4 protein chains.
Amino acid sequence: MPDKPVLKIGLIGSGFMGKTHAFGFASAPRVFDLPYEIELHTLADRSDAVAAEAARAFGFARSTGDWRAMVADPEIDLVDITAPNALHKEMALAAIAAGKHVYCEKPLAPLAGDAREMADAAEAAGVKTQVGFNYLCNPMLAQAREMIRSGALGEIRSYRGVHAEDYMADASAPFTFRNDPVGGGALADIGSHALATAEYLLGPITKVLGDCATVITSRPDGAGGTKTVETDDVGRAFLRFENGAAGTIEANWIAMGRKMQHDFEIYGSKGALLFSQERFNELHFYSAADPAGQRGFRRIEAGPDHAPYGLFCVAPGHQLGFNDLKAIEIARYLDAIAGRAPEPFGFRAGERIQTLIETIQRSSRETAWLETA
Amino acid sequence: MPDKPVLKIGLIGSGFMGKTHAFGFASAPRVFDLPYEIELHTLADRSDAVAAEAARAFGFARSTGDWRAMVADPEIDLVDITAPNALHKEMALAAIAAGKHVYCEKPLAPLAGDAREMADAAEAAGVKTQVGFNYLCNPMLAQAREMIRSGALGEIRSYRGVHAEDYMADASAPFTFRNDPVGGGALADIGSHALATAEYLLGPITKVLGDCATVITSRPDGAGGTKTVETDDVGRAFLRFENGAAGTIEANWIAMGRKMQHDFEIYGSKGALLFSQERFNELHFYSAADPAGQRGFRRIEAGPDHAPYGLFCVAPGHQLGFNDLKAIEIARYLDAIAGRAPEPFGFRAGERIQTLIETIQRSSRETAWLETA
Amino acid sequence: MPDKPVLKIGLIGSGFMGKTHAFGFASAPRVFDLPYEIELHTLADRSDAVAAEAARAFGFARSTGDWRAMVADPEIDLVDITAPNALHKEMALAAIAAGKHVYCEKPLAPLAGDAREMADAAEAAGVKTQVGFNYLCNPMLAQAREMIRSGALGEIRSYRGVHAEDYMADASAPFTFRNDPVGGGALADIGSHALATAEYLLGPITKVLGDCATVITSRPDGAGGTKTVETDDVGRAFLRFENGAAGTIEANWIAMGRKMQHDFEIYGSKGALLFSQERFNELHFYSAADPAGQRGFRRIEAGPDHAPYGLFCVAPGHQLGFNDLKAIEIARYLDAIAGRAPEPFGFRAGERIQTLIETIQRSSRETAWLETA
Amino acid sequence: MPDKPVLKIGLIGSGFMGKTHAFGFASAPRVFDLPYEIELHTLADRSDAVAAEAARAFGFARSTGDWRAMVADPEIDLVDITAPNALHKEMALAAIAAGKHVYCEKPLAPLAGDAREMADAAEAAGVKTQVGFNYLCNPMLAQAREMIRSGALGEIRSYRGVHAEDYMADASAPFTFRNDPVGGGALADIGSHALATAEYLLGPITKVLGDCATVITSRPDGAGGTKTVETDDVGRAFLRFENGAAGTIEANWIAMGRKMQHDFEIYGSKGALLFSQERFNELHFYSAADPAGQRGFRRIEAGPDHAPYGLFCVAPGHQLGFNDLKAIEIARYLDAIAGRAPEPFGFRAGERIQTLIETIQRSSRETAWLETA
């Protein structure tokens, strides 16, 4: 592709998310007419050996055990961070200082203050950033937002959001970084998705009243003893939105049997929408304008009417997968880098999510409605 | 049935619920081996004419426009109240004073204090009482409770309950008794069902934090003007249960498109249960003990394994209807009157529901966790 | 109800269906404004003792072990036959000869020729008859038929019907009357429902090509030996309809896990309908006229818009049960007896079903498309 | 990847399937540890210009408007054919003659005899072949097959398969190659999928009785006139399997509202499986061995227990998409080329499908049960 500029990627990390990103960089150019040719330049990981092996597997040309060296490499255009959460800030600030665009997995940082610092730095440096909220890239969510904005639901009155899984349901599983009082807990880990979806669809949340509950109060410490858990297993909040709607979200990582219940229900004066990530190629729409006796929730299946589905497959009903959402995320970010579109979910948006989380946590401790602005 | 004592029924009211009760009295003896022969003795309504016509339609032998006369009739054994909520207390106390058993539609009374007075009077008089929480009579709820008690779900950790309909979603519908600040609102009207189901399944709620929101803030007053609405359209609460579980309920009568979303999700350490009243002949059960690769929510269909389904139909999958639940409710109440079983949901239980409602309402006003005992 | 004529019922049989009919006679007058007052006059069964006990349980005033005596009783207006299939013809002809209206459970008779004789006799005698195809009484089926007739689906092109259960799936269950080569088999037992629904919705079937398969080829004979089974466990047919549509039905009584899969899928040039008896208070409708991007199958929930649902319950989503369908069936039959409406499913219709069954069976033996007129 | 041999791909065609294949070649190496490094060597299409543009978009290094030149190129190891069906045979035979491995989209050829010739040639030449039946690559189908083989369903008794879409439902859409009497029709186009799935799961079909129906009997010819359609819009067949089961398949391309109803229901003596491609990350399993009162169809969600899902995503419930199935298909084919595994679906398997299709078509014309061996 000689007529396209080359964008050289430096990836930090090769775990679940590192692999998902590599997958996205490989598939995005097959699907989208990207503004750049992507070059998988260097993969950095915690050791030269680990990095070398991952680079081979993921198709990166070079590898290093020293992420700082990679960030300093003038050839690299974009630093992609999928390292542990605690390192995000240091890595991102270094990359920004080096003038790189920065793509960072969620959460942007364990604390909102850190996230703000990162967002400020990026804006000052004029680089483009992105946080990996890939569920927002689902064409059916875009369809939902469009229907809300167009008035198909009328005035929005009520919202119910949930993100429930069961990956922490086993009480004998050891204490991990997820249980760290700084940045840990179900609300921060997956409630962040529920909050991002809620604001994506309905606009700003203005007030929250939280209820963060620890259910499994101690876990094995990995050294034969136990360790007290202070982070929430279930984080709930009552919400008020700027548009006048009221609602709730629940984040729950001990919901036995649930693998991906990232769901919402939206009720308006003229209609309603239901969605479940368990069947994320579907959106259910109720219109009060349908004829009497024939009203009901319509199961809309994803298809070429729901861009950019048609770029993946010309026929409806074939379904996108989780990794496809990542390709969409990357394509949109590259559009932002090229100046074709605003940042879809930049560091400022990541900071917003952390602010919401901390406000809900504080609200829970204080049993008080708190403003989120 | 010469070998069975006769139980003479006096019914007050002939609206939606009056008809449902009459239906239940007619069908219960066909289904159950009741301890009594039921005699539909007298129907009372707001006028002689209305009462006479309803008596003919429902199969009552006598009728009257004066409910006091009926309550005083020494022939009557059981007074069944389906009159407007505001009259429940006066009618019930009169019937109790006359030594009648009293069956009263929900809500028992608009205020918990009134409900307590009624329960006290009934206990003092030694009569048997019942409040009409018919959803609790679903065999699938009994199945759910039995599974919880038997430990099939392990330790119960998390509960999500909802009762959502859309019968008040139309903002142009006039102000009614449902909007009366005393006893009105979605939480009182249908949240009562959600609370009854929650305690039926998991046992006592110990603490609540409420969020009662008015969405449609004024309604036509029926006289060309508008009237301010102060009651909640959506009532939500965070819950703590005595068994250690935490959860939520939501009552919502403006949930456009929802006709009967009386649903719950229960997550335990070993399994989970999902239920929706929209398909109330089904219960969904997840067992973590199922083999790897073959786990999933099982859709259990109601059948003769779920008593008393088998008395209605010997074959599974044929399904009970709403009115069948009322027949079960009546059969259980008659068993209690005959001393065969404890009261399934007596006035004391009705008082409990009103107490929960008022505590949630107060909690919402005060933004404070309140104890419910 | 002094202003209504009395209709005196004589019921033969008190098993599953006898009980269901008694239930229907008790509930129909509570729901419908019937043209008659129903009097449960006499219950006949195979012995005086059995009949006496059933009469008590079901609310009949008299009982007898001699059905002939009951049929001869000049007081009886309507003879209701729920006795074993092999006796239907003799009983019905006797009742017709005595000038009674006759209500007979399905199948009307094991052989189409017998059914024809019965229908001829009834028409000659001028009495009103009914065969108990209660699934046709579901308001959602009426809704489906109305939508088809109104053109909402356009030209009907394709039909898929199935009736599958698993009550014969256990190979160790003994040989019964259901396996009798005369009148037995899955096609006759439950395929009859699938055929009745198909013609109810789409009109006459004109040609069939059958495939009747015996899967469990021998069963215990109850005397320590085994008996060869010749009747079908699964009966399938390709269909052609007079309206031009082509389709299939399947009757299957060894469909492990299925309790009531009486389902259909109808595809037209403008829309489609899906239905499952497993959730028989729902109908799913696809309209090609919905806007692009918002098309999908609508889950229509039963409610007062779907008469006569509203007579059972004034609110949508509360759901009818199996026994309610029987009450509707009885109400419609009484309307026919009173001359208010044509017979909803008389003996001629019952004969038609037997003719379809026999034609499919013969088609299967001959591997030939056969006309069904 | 210096330690892996390079496999050089020549792709013919760049339409829907060409793009899907290119996507698969790009993503397979990110997911799987393939035995080869894939080199996208040359893309051939109907003109130099079309080929050049597609090569750029799909990442091929060279392009040509002359597929014969590409097939003759000694550098190419594998020829991948996504050209129109009518050209498959000529292209494949040329590639085989040149000693290439050949990957061909379905249908392998319009006529079984041609498919046989192609399979014979490939076997004689010792090259490895593959036909693109990608639905078979779904991990949930492997799970289903494993459960069948392990006896979890007991003896298999009954099968219902369907593949229904609506892409030909519009009667005003013009006559195309799909309507060509040679190789056209719904049975050939999508019934092939239903047949492949049926034999994948249950083993060989031994006998068929077909019913191929033309519903839209003429279509615009694109020149202002109309053209008579002789191919089937709906192809149905009764089936007998070598394992003793009986069943049906239906292929329907005018099923308004259906986008991807590639479904099956399998009933055995101990359990059952239900599947719908509309939700292809789920499999529903009923076990008669579950405790009474707790039996039901379990909704199993795809996860790492279902290989190779875990290579795409380490967490369950995230879901694979249509394009992921293609990556699996390619990985399996490369394993076969490397001698690690047998051909998953070679030309001989493709011939088998064509034989089944033609046998059903002939059976329909002759109204006769025909053997398929």
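Contact here means heavy atoms within 4.5 Å. On that footing, 40 residues of chain D touch 40 residues of chain A. Keep in mind that this is a predicted model. Here's a quick tour of the D–A interface, followed by some salt bridges found elsewhere.

**The D–A interface**
- Chains D and A bury about 3,600 Å² between them, and 53% of that sits on carbon and sulfur atoms.
- Four salt bridges run between chain D and chain A; one of them pairs A:R299 with D:E278 at 2.8 Å, N to O.
- There are also 15 residue pairs in polar contact between the two chains, with both residues at pLDDT 80 or more.
- On chain D's side, at least two residues apiece come from α1 (16–31), α2 (48–58), β16 (297–301), α8 (309–312) and α9 (322–337).
- The top contributor there is α1(D), with nine residues.
- Sorted by class, the side of chain D that touches chain A has 20 nonpolar, nine polar and 11 charged residues.

**Symmetry of the pair**
- Rotate chain D by 180°, shift it 0.1 Å along the axis, and it superposes on chain A with an RMSD of 0.0 Å.
- That's the relation of a two-fold axis.
- In chain D, the C-alpha nearest the axis belongs to D:G321, 1.8 Å from it.
- The copies meet through the same surface, because 100% of chain D's interface residues are also interface residues in chain A.

**Salt bridges within chains A and B**
- Over all chains, the salt bridge count comes to 114.
- In chain A, the side chains of A:E199 and A:R352 pair up at 2.6 Å, N to O.
- Since A:E199 is in helix α7 (residues 186–202) and A:R352 in helix α10 (residues 347–366), this pair ties together parts of chain A that are 153 residues apart in sequence.
- A:E199 is buried, at 16% relative accessible area, while A:R352 is partly exposed, at 22%.
- A:E250 and A:R236 form another salt bridge, at 3.9 Å, N to O.
- This one links strand β12 (residues 246–252), home of A:E250, to strand β11 (residues 234–241), home of A:R236, so it ties together parts 14 residues apart in sequence.
- Both ends are buried: A:E250 has a relative accessible area of 4%, and A:R236 has 1%.
- In chain B, B:E199 forms a salt bridge with B:R352, with the closest N and O atoms 2.6 Å apart.
- B:E199 is buried, with a relative accessible area of 17%.

**A network across chains**
- Salt bridges that share partners join residues of chains A, B and C into one network, including A:R160, A:E265, B:D211, B:R258, C:E282 and C:R299.

How values were computed: Residues numbered from 1 in each chain as written. Chains lettered and ligands numbered in written order. Predicted model: local features only at pLDDT ≥ 70, side-chain atom pairs only at ≥ 80, totals over all residues. Heavy atoms only, no water. Buried area = accessible area lost by both parts, 1.4 Å probe. Polar contact = N/O pair within 3.5 Å; in protein donor to acceptor, adjacent residues only side chain to side chain. Helix = DSSP H or I, 4+ residues; strand = E, 2+ residues; numbered from the N terminus. Nonpolar A, V, L, I, M, F, W, Y, C, P; charged D, E, K, R; others polar. Least-squares fit on C-alpha atoms with pLDDT ≥ 70 in both. Buried < 20%, exposed > 50% of the residue type's maximum accessible area, 1.4 Å probe, protein only.
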